[in-house]
Amino acid sequence: MLFDYDHDGWLDLFTVNGSAQHEYGQENAIYRNRGNGKFESVSEAAGPHFKERHVGRGGTGFDYDNDGRMDLVVVNLNDKAILLRNETRTANHWITVTPRLKFPTGIRDAYGARVIVEADGLRMIEDMIPARGYLSAQDPRLNFGLGKSDHADSIEIRWPDGQVEKFRSVRGDRFVVYTHAATAVRRGSAKRHR
């Protein structure tokens, strides 16, 4: 699973390990994106969980305590699920974006929307597709690290109907929700051949 645990704007990597076939436990691992195309293991310093062995089957991210940091949940074979709270201390900033669609019957998450955030010289792209990885669904709220910038220079949302909206200079360290009127996408009518 990719997520930005330290909010530097670069997606870090979390892996759930374990062999289900032989029920062989292994340590899970977390790798920090160095921003130069390379990852470094930070499992040793990430807490005692990363020294334990489990037969991991799935892992997902969500902001359990609404503090802006993505926490992790690990599902294990024949064992309890594990919540890993992200308590990383950093001076970096963040923003969590939730695109929503307004229907005549109510408001729902805008599955299929693409969110592009630009901040601190980086351009970050996330699609609102909560299914991530094997047997896992992620928090539908999209979390972005802003690095040293206390705001997003721009947030662009490409809605499922093809329309695009752009918001400039959005203050960070908070949750923002954007709502768009849902419209049906018309497809070209199929021509019948005789």
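Two strands pair if DSSP finds at least two bridges between them. That rule underlies the pairings below, in what is a predicted model.

## Overall build

The chain has 15 strands and zero helices. Its C-alpha trace spans about 60 × 50 × 35 Å along the principal axes. Of the 194 residues, 42% count as buried. The accessible surface comes to about 11,400 Å², and carbon and sulfur atoms account for 49% of that surface.

Charge is spread over 28 positive and 27 negative side chains. The centres of these two sets lie 10 Å apart. As for contacts between residues at least 6 apart in sequence, 52% join residues at least 24 apart.

## The sheet 11-10-13-14

One open sheet holds four strands in the order 11-10-13-14, paired antiparallel. Strand 11 (122–127) and strand 14 (164–171) are its edges, and each pairs on one side only. Neighbouring strands of this sheet are turned by 20° against each other on average, direction ignored.

Strand 10 (residues 114–119) is joined to strand 13 (residues 151–158) by five bridges, and the two run antiparallel. Within this pairing, Val 115 stands opposite Ile 157 of strand 13. Ile 116 stands opposite Glu 156, again in strand 13.

Strand 10 also pairs with strand 11, over six bridges and in the antiparallel sense. Here Val 117 faces Met 124 of strand 11 as its opposite residue. The two strands form a hairpin with two residues between them. In that hairpin, Asp 120 takes a positive phi near 55°.

## Strand 8 and its partners

Strand 8 (residues 93–103) is mostly covered, with eight of its eleven residues buried. Bridges link strand 8 to strands 9, 12 and 15. The table lists these pairings.

| Partner of strand 8 | Direction | Bridges | Example pair |
|---|---|---|---|
| Strand 9 (residues 106–109) | antiparallel | four bridges | Lys 102 with Ile 107 |
| Strand 12 (residues 142–147) | antiparallel | five bridges | Val 97 with Leu 142 |
| Strand 15 (residues 174–181) | parallel | eight bridges | Arg 100 with Thr 179 |

The link from strand 8 to strand 9 is a hairpin through two residues. The pairing with strand 15 runs parallel, whereas the pairing with strand 12 runs antiparallel.

## The sheet 1-2-3-4

Another open sheet has four strands in the order 1-2-3-4, with antiparallel pairing. Its edge strands are strand 1 (2–3) and strand 4 (39–41), and each pairs on one side only. Strand 2 (residues 12–15) and strand 3 (residues 29–33) run antiparallel and are joined by three bridges. In this pairing, Thr 15 stands opposite Ala 29 of strand 3.

Ala 29 is found in strand 3. Is Ala 29 buried or exposed? Ala 29 counts as buried because its relative accessible area is 9%, and the limit for buried is under 20%. Beyond residues up to four places away in sequence, Ala 29 touches Leu 13, Phe 14, Thr 15, Asn 17, Ser 43 and Phe 50. Ala 29 and Val 42 are 13 residues apart in sequence, and their C-alpha atoms are 7.9 Å apart.

Asn 33 also has its place in strand 3. Its relative accessible area is 9%, so Asn 33 is buried. Which residues does Asn 33 touch, not counting residues up to four places away in sequence? They are Asp 8, Trp 10, Leu 11, Asp 12, Lys 38 and Phe 39. From Asn 33 to Phe 3 the sequence separation is 30 residues, and the C-alpha to C-alpha distance is 9.9 Å.

## A buried aspartate in a loop

Asp 6 lies in the loop between strand 1 and strand 2. Why does Asp 6 count as buried? Its relative accessible area is 8%, and buried means under 20%. Leaving out residues up to four places away in sequence, Asp 6 touches Asp 12, Arg 32, Thr 88, Thr 90 and Asn 92. Asp 12 is thus named among the contacts of Asp 6 and also among those of Asn 33.

Methods
Residues numbered from 1 in each chain as written. Predicted model: local features only at pLDDT ≥ 70, side-chain atom pairs only at ≥ 80, totals over all residues. Heavy atoms only, no water. Buried < 20%, exposed > 50% of the residue type's maximum accessible area, 1.4 Å probe, protein only. Contact = heavy atoms within 4.5 Å. Areas by Shrake-Rupley, 256 points an atom, 1.4 Å probe, with all protein chains shown as cover. Lys, Arg positive; Asp, Glu negative; His and termini not counted. Charge placed at Lys NZ, Arg CZ, Asp CG, Glu CD. Axes fitted to C-alpha atoms, helices over the stretch in contact; angles between N-to-C directions.
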